[in-house]
Protein chains: 2
Amino acid sequence: MKALSSTARTRLGRLPGRSTGDRSVLYDILDDGMICHLGVIVDGTPRVIPTGYGRLDDTLYVHGSSGASSLRAGPSDDICVTVTHLDGLVVARSLFHHSVNYRSAVIYGRPRLVDDEDEKTAGLRAITENLTPGQWDIARLPTRKEMAAVTVLALSLDEASVKIRRGGPKDDDDDYALDVWAGVLPVQQTFGAPVPDPALRPGIPVPGHITRRVTS
Amino acid sequence: MKALSSTARTRLGRLPGRSTGDRSVLYDILDDGMICHLGVIVDGTPRVIPTGYGRLDDTLYVHGSSGASSLRAGPSDDICVTVTHLDGLVVARSLFHHSVNYRSAVIYGRPRLVDDEDEKTAGLRAITENLTPGQWDIARLPTRKEMAAVTVLALSLDEASVKIRRGGPKDDDDDYALDVWAGVLPVQQTFGAPVPDPALRPGIPVPGHITRRVTS
């Protein structure tokens with residue numbers, strides 16, 4: 001597996017010990033996430049939009065309404081896609097060393113507008129399956145008109161900055177003598193009990209691929 | 001309470017029913033969150049960085065290392081700060097109508113570098129308390145040197161786009177006859193059991209302001 005490119009914008013000026021060029025770590029962070037934050041420049045100012053995404057091999061797909069200005073701005077300029085997992089609050093003895101445990105991927109590149117119908121379908125499938133795996137095979141497939149209403153962008157996963165912080169607080173030597181609790185408060189994203197649509201026809205059970213995700 | 005400004009970049013081109021100009025809704029979304037995604041332009045390309053933040057009245061504070069290039073780029077240019085809560089996966093009968101329930105705030109503006117020491121301390125306190133409320137009063141306060149190592153930016157909460165989607169799927173009329181489950185899978189951010197620092201001195205209990213947050 002090819003290592004991630006090292007460029008001026010992916011090299012970290014500080015705390016390089018938190019970064020990795022390992023592509024499999026990037027894939028894990030992306031595959032564990034549900035939404036990304038897409039950064040584009042619109043009329044000279046940055047805009048950061050939360051949206052769904054999906055990964056197929058070394059390509060990331062994002063989609064939006066064909067009329068969305070944030071996607072129109074995309075293909076002619078570089079964009080940035082960031083996926084972040086907040087894994088814990090790091091509680092230290094000094095306020096200065098309070099921190100968070102996290103995994104983040106910051107991907108840079110010039111996106112490609114997907115106009116091949118097969119790739120567009122594959123990209124939309126990847127996006128759908130990343131949010132709700134199993135749905136592509138049971139829900140009604142998009143019509144030609146629905147496909148036309150959606151824009152899909154492809155971003156190569158070549159230039160990315162992957163950062164991870166794990167573990168407990170790192171306090172200054174003198175502070176370990178303080179009478180202050182220190183440790184980590186873990187943070188997770190969990191799933192509640194499925195809420196059926198009030199208009200659901202009787203006798204349709206919650207599919208296994210959805211019940212299996214509920215946090216027990 | 002003054003309504004949020006309506007500008008070209010906060011007016012929504014699509015689905016305006018999901019937006020609100022109600023400032024108290026913006027405050028709730030910010031106060032419920034723990035990290036934001038900060039969008040800046042660095043060398044002509046967008047960069048989206050996850051970071052902590054805090055709110056005091058109608059000002060948002062973010063901080064970083066005094067050497068961080070993403071913060072150096074800030075005060076001379078507009079930035080964008082986005083806070084997103086993923087509240088549920090909306091499972092529809094058609095793939096086209098799959099969606100997510102969410103609350104998001106997208107804030108635009110030119111940040112102000114905070115150089116007044118009292119405001120800088122208040123901003124850092126707001127950031128700390130937004131992540132781990134209660135810690136400012138028990139942990140060791142920052143030294144003068146630690147304060148100098150941190151840059152704090154202030155962003156006015158005047159120009160913001162607030163969007164909310166709630167409720168079940170909205171399917172096309174014909175699709176309600178399909179034999180496909182539809183509904184919402186709720187998503188929450190929850191806290192696990194606190195993990196004490198292995199170097200914790202014996203006899204220091206987990207403080208109540210931390211145990212109270214643990215999801216039962």
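**Strand pairing and the interface of chains A and B**

In strand β5 of chain A, the bridge partner of A:Leu38 is A:Val81. This pair belongs to a predicted model, in which β2(A) and β5(A) run antiparallel and are joined by 3 bridges. The strand β2(A) also pairs with β3(A), again in the antiparallel sense, and here the pairing extends over 8 bridges. Within this second pairing, A:Val40 stands opposite A:Arg47, a residue of β3(A). The hairpin formed by β2(A) and β3(A) has 2 residues between its strands, and in this hairpin A:Asp43 takes a positive phi near 50°. Of the 8 residues of β2(A), 7 are buried, so the strand is largely enclosed by the rest of the structure.

A strand of chain B was examined in the manner used for β2(A). Strand β8 of chain B, which covers residues 150–156, has 6 of its 7 residues buried, so that it too is largely enclosed by the rest of the structure. One of its partners is strand β4 of chain B (residues 59–65), with which β8(B) pairs in the antiparallel sense over 7 bridges; in this pairing, B:Thr59 has B:Ser156 of β8(B) as its bridge partner. Strand β7 of chain B (residues 112–113) likewise pairs with β8(B) in the antiparallel sense, over 2 bridges, and the residue of β8(B) that serves as bridge partner to B:Arg112 is B:Ala154.

The contact between the two chains was considered next. It takes 81 residues from chain A and 82 residues from chain B. The size of an interface is often given as the accessible area lost when the parts come together. For chain A and chain B the buried area is about 7000 Å², and carbon and sulfur atoms give 67% of it. Between the chains, 31 residue pairs are in polar contact, with both residues at pLDDT 80 or more. The elements of chain A that give two or more residues to the side touching chain B are β2 (35–42), β3 (45–56), β5 (79–91), β6 (99–109), α3 (117–131), β10 (183–191) and β11 (195–196). Among these elements, β10(A) gives the most to that side, with 9 residues. When the residues on the side of chain A that touches chain B are sorted by class, 50 are nonpolar, 18 are polar and 13 are charged.

Pairing of strands also takes place between the chains, since β10(A) is joined by 2 bridges to strand β11 of chain B (residues 195–196), and the two run antiparallel. In β11(B), the residue that stands opposite A:Val184 is B:Val195. Salt bridges across the interface of chain A and chain B number 6. In one of the salt bridges of the model, the side chains of A:Arg93 and B:Asp197 meet with a separation of 2.9 Å from N to O.

Residues in the loops add further detail to this picture. A:Ser94 is found in the loop between β5 and β6 of chain A, and its relative accessible area of 0% places it among the buried residues. Leaving aside neighbours within four places in sequence, A:Ser94 is in contact with A:Asp171 and A:Asp175 of chain A, and with B:Ala139 and B:Arg140 of chain B. The first of these contacts includes an approach of polar atoms, in which the backbone nitrogen of A:Ser94 lies 3.3 Å from a polar atom of the side chain of A:Asp171. A:Asp171 is itself placed in the loop between β9 (159–165) and β10 of chain A, and with a relative accessible area of 8% it is buried. Apart from residues up to four places away in sequence, A:Asp171 touches A:Ala92, A:Arg93, A:Ser94, A:His97, A:Tyr176 and A:Ala182.

In chain B, B:Asp172 is found in the loop between β9 (159–165) and β10 (183–191). This residue counts as partly exposed because its relative accessibility is 30%. When residues up to four places away in sequence are not counted, B:Asp172 touches A:Arg140 and A:Glu146 of chain A, together with B:His97 of chain B. The C-alpha atom of B:Asp172 is separated by 35 Å from that of B:Val81, a residue 91 residues apart from it along the chain.

Methods. Residues numbered from 1 in each chain as written. Chains lettered and ligands numbered in written order. Predicted model: local features only at pLDDT ≥ 70, side-chain atom pairs only at ≥ 80, totals over all residues. Heavy atoms only, no water. Contact = heavy atoms within 4.5 Å. Buried area = accessible area lost by both parts, 1.4 Å probe. Salt bridge = Lys/Arg side-chain N within 4 Å of Asp/Glu carboxyl O. Polar contact = N/O pair within 3.5 Å; in protein donor to acceptor, adjacent residues only side chain to side chain. Helix = DSSP H or I, 4+ residues; strand = E, 2+ residues; numbered from the N terminus. Nonpolar A, V, L, I, M, F, W, Y, C, P; charged D, E, K, R; others polar. Pairing = 2+ DSSP bridges. Buried < 20%, exposed > 50% of the residue type's maximum accessible area, 1.4 Å probe, protein only.
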